[in-house]
Amino acid sequence: MLLRLSVHWELMFTRSLYGTPDMDQQHRLLNEVADLVDAGVLRTTLTEEFGPITAANLRRAHARIETGQSIGKVVLSGF
């Protein structure tokens, strides 16, 4: 069996962070993404939300991830 792995890192705000000449493109890209979300073309990968950030909820979320059965994003809220 051949297994291939690829890791890609992308910083969403690279243009504004480094003041690149094409910074206005970020505005266009974010508007396009917002339109796609509004149209239902793009949707979240959030699958489980464990509520506010508490020690108990953090333990529950961490235990869920440790099962290796979690698909999508596990979220704690209340920053």
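Asp22 is partly exposed, at a relative accessibility of 31%, where buried stands for under 20% relative accessible area, exposed for over 50%, and partly exposed for values in between (1.4 Å probe, protein chains only). The structure is a predicted model, in which local features need pLDDT of at least 70 and side-chain atom pairs count only at pLDDT 80 or more, while totals for chains, interfaces and linings use all residues. Residues are numbered from 1 along each chain as its sequence is written, and side-chain values use heavy atoms, with hydrogens and water left out.

The side chain of Asp22 meets that of Arg15 in a salt bridge, at 3.1 Å from N to O; the term denotes a side-chain nitrogen of Lys or Arg within 4 Å of a carboxyl oxygen of Asp or Glu. Arg15, too, falls in the partly exposed class, with a relative accessible area of 23%. Side chains of opposite charge can pair when their charged atoms come close. The structure holds three salt bridges, and a further one joins the side chains of Arg28 and Glu32, with an N to O distance of 3.1 Å. Both Arg28 and Glu32 belong to helix 2, where they lie four residues apart, about one turn of the helix; helices (H or I, at least four residues) and strands (E, at least two) are taken as DSSP runs and numbered from the N terminus. Arg28 is partly exposed at 41% relative accessibility, and for Glu32 the relative accessibility is 41%, which places Glu32 in the partly exposed class.

The salt bridge between the side chains of Arg64 and Glu48 has an N to O distance of 2.8 Å. Arg64 is part of helix 3 and Glu48 part of strand 1, so this pair ties together parts that are 16 residues apart in sequence. Arg64 counts as partly exposed with 27% relative accessibility, and Glu48 counts as partly exposed with 21%.

Glu48 also takes part in strand pairing, since its bridge partner in strand 2 is Val74. Strand 1, which covers residues 46-52, pairs with strand 2, residues 73-77, in the parallel sense over four bridges, the criterion for pairing being that DSSP finds at least two bridges between the strands. Between these strands the chain passes from strand 1 through helix 3 (residues 55-66) to strand 2 in a right-handed β-α-β crossover, a term that applies if, with the strands pointing away from the viewer, the path from the first strand over the helix to the second runs clockwise. Within the same pairing, Leu46 stands opposite Lys73 of strand 2.

Helix 3 consists of twelve residues and spans 16 Å from its first C-alpha to its last, close to the 16 Å expected at 1.5 Å a residue, the expected span being 1.5 Å times one less than the number of residues in the helix. Just after helix 3, Gly68 adopts a positive phi of about 75°. Helix 2, with 15 residues, reaches 22 Å between its first and last C-alpha atoms, close to the 21 Å expected at 1.5 Å a residue, and is followed by Gly40, whose phi is positive and near 80°.

Val33 is located in helix 2, which comprises residues 24-38, and is partly exposed with a relative accessible area of 40%. Together with Val37, Val41 and Leu42, Val33 makes a nonpolar surface patch of about 320 Å². Patches are made of residues with over 30% relative accessible area and no salt bridge, like charges being joined within 9 Å and nonpolar side chains (Val, Leu, Ile, Met, Phe, Trp, Tyr) within 5 Å, and accessible areas come from the Shrake-Rupley method with a 1.4 Å probe, only the protein chains shown counting as cover for residues.

Arg43, in the loop between helix 2 and strand 1, is exposed at 76% relative accessibility, and its C-alpha atom is separated by 11 Å from that of Gly72, 29 residues apart along the chain. Tyr18, in helix 1, is exposed at 62% relative accessibility, and the C-alpha atoms of Tyr18 and Ala55, 37 residues apart along the chain, are separated by 37 Å. Leu3, which lies in the segment before helix 1 (14-18), is exposed with a relative accessible area of 72%.
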